[in-house]
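Colleague: I am new to this structure. Please take me through one spot in detail, then show me a little of what lies elsewhere.

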Amino acid sequence: MRVIRLGVLVPSSNTAVEPLTHAIVSSIQSKDVDLSVHFSRFRVTTIDVSPVANAQFELSPILNAARLLADAKVDVIGWSGTSAGWLGFEHDEKLCAAIEAETGIRATTSVLALNSILRSLGVISFGLVTPYRKELNSLIRQNYAAIGVDINATWDRHLGMTDNNEIGRVDDATLDGMVMDVASNGANVLSTFCTNLRAAQRVEHWEESASVIVLDTVASVVWGMLKIVKVDTRLVTGWGYMFEVE
């Protein structure tokens with residue numbers, strides 16, 4: 001049996017990543033792999049477009065957290081966060097390269113994994129559901145437009161929040177309304193784009209109810225890490241169509 005340790009980087013104020021990631025990984029029932037998940041945090045409390053907020057995602061504190069995961073000899077490191085959505089995808093590419101150079105451990109992120117899934121599915125447009133402010137969503141839309149993926153304005157929903165503790169308290173009813181609204185406007189694919197949203201556990205319900213593919217960003221980094229360690233993502237059950245994607 002292969003013993004595999006997944007290392008996950010988490011914003012300090014995030015309360016969704018750990019329970020959801022554990023639940024996703026625990027759905028894997030296999031005699032061939034023994035998976036465990038291990039977490040390290042760095043300070044993030046506010047999500048907005050200000051220089052102070054963006055400075056929370058500088059490489060140095062994230063690398064410090066990654067070094068702590070390396071002490072546990074994890075097999076892969078995943079950044080469970082969506083900051084590259086507004087800072088630019090190259091931010092996560094540089095982060096992964098820095099983690100690998102510093103620790104010798106391969107790395108991925110929620111956003112880079114999401115982008116891989118979009119490419120695999122041939123997606124050229126998708127809906128966006130976030131708790132963020134309009135300005136942040138606009139930056140996300142611009143960055144996707146730059147790689148040829150459209151987020152139509154009629155498929156863009158946001159809550160205008162900046163406090164990450166408040167984001168962690170968004171309830172199922174609110175998310176249900178946002179997702180169903182985007183799907184009813186014609187989106188065939190959408191993303192719940194924030195790792196402090198407790199959304200991943202609702203994905204199968206939304207997909208069955210609205211005939212839409214929902215790509216959650218807590219789930220996407222798990223998908224990406226499993227791909228790196230060569231564990232069949234189809235072993236994940238109950239967490240949506242994403243895990244069927246090659």
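Modeller: Start with the contacts of S191. Leaving out residues up to four places away in sequence, S191 touches L114, F126, G127, L128, V129, L215 and T217. Keep in mind that this is a predicted model. S191 sits in strand β7, which covers residues 189-192. Its relative accessible area is 1%, under the 20% cut-off, so S191 counts as buried. One of the residues touched by S191 is L215. Here there is also a polar contact: the side chain of S191 reaches the backbone oxygen of L215 at 2.8 Å.

Now go to the start of the chain. Strand β1 spans residues 2-11, and strand β2 spans residues 33-42. The two run parallel, joined by 10 bridges. One pairing to look for is P11 with F42, its bridge partner in β2. Helix α1, residues 17-26, belongs to this part too. Together, β1, α1 and β2 form a right-handed β-α-β unit.

Last, look at two lysines. K73 has a positive phi of about 55 degrees, although it is not a glycine. K73 lies in the loop between α3 (59-71) and β3 (76-79). Its relative accessibility is 60%, over the 50% cut-off, so K73 counts as exposed. K230 also has a positive phi, of about 60 degrees, and is not a glycine either. K230 is found in the segment after α11 (217-228). With a relative accessible area of 70%, K230 is exposed, whereas S191 is buried.

Definitions and conventions: Residues numbered from 1 in each chain as written. Predicted model: local features only at pLDDT ≥ 70, side-chain atom pairs only at ≥ 80, totals over all residues. Heavy atoms only, no water. Helix = DSSP H or I, 4+ residues; strand = E, 2+ residues; numbered from the N terminus. Buried < 20%, exposed > 50% of the residue type's maximum accessible area, 1.4 Å probe, protein only. Polar contact = N/O pair within 3.5 Å; in protein donor to acceptor, adjacent residues only side chain to side chain. Contact = heavy atoms within 4.5 Å. Pairing = 2+ DSSP bridges. Right-handed = clockwise from strand over helix to strand, strands pointing away.
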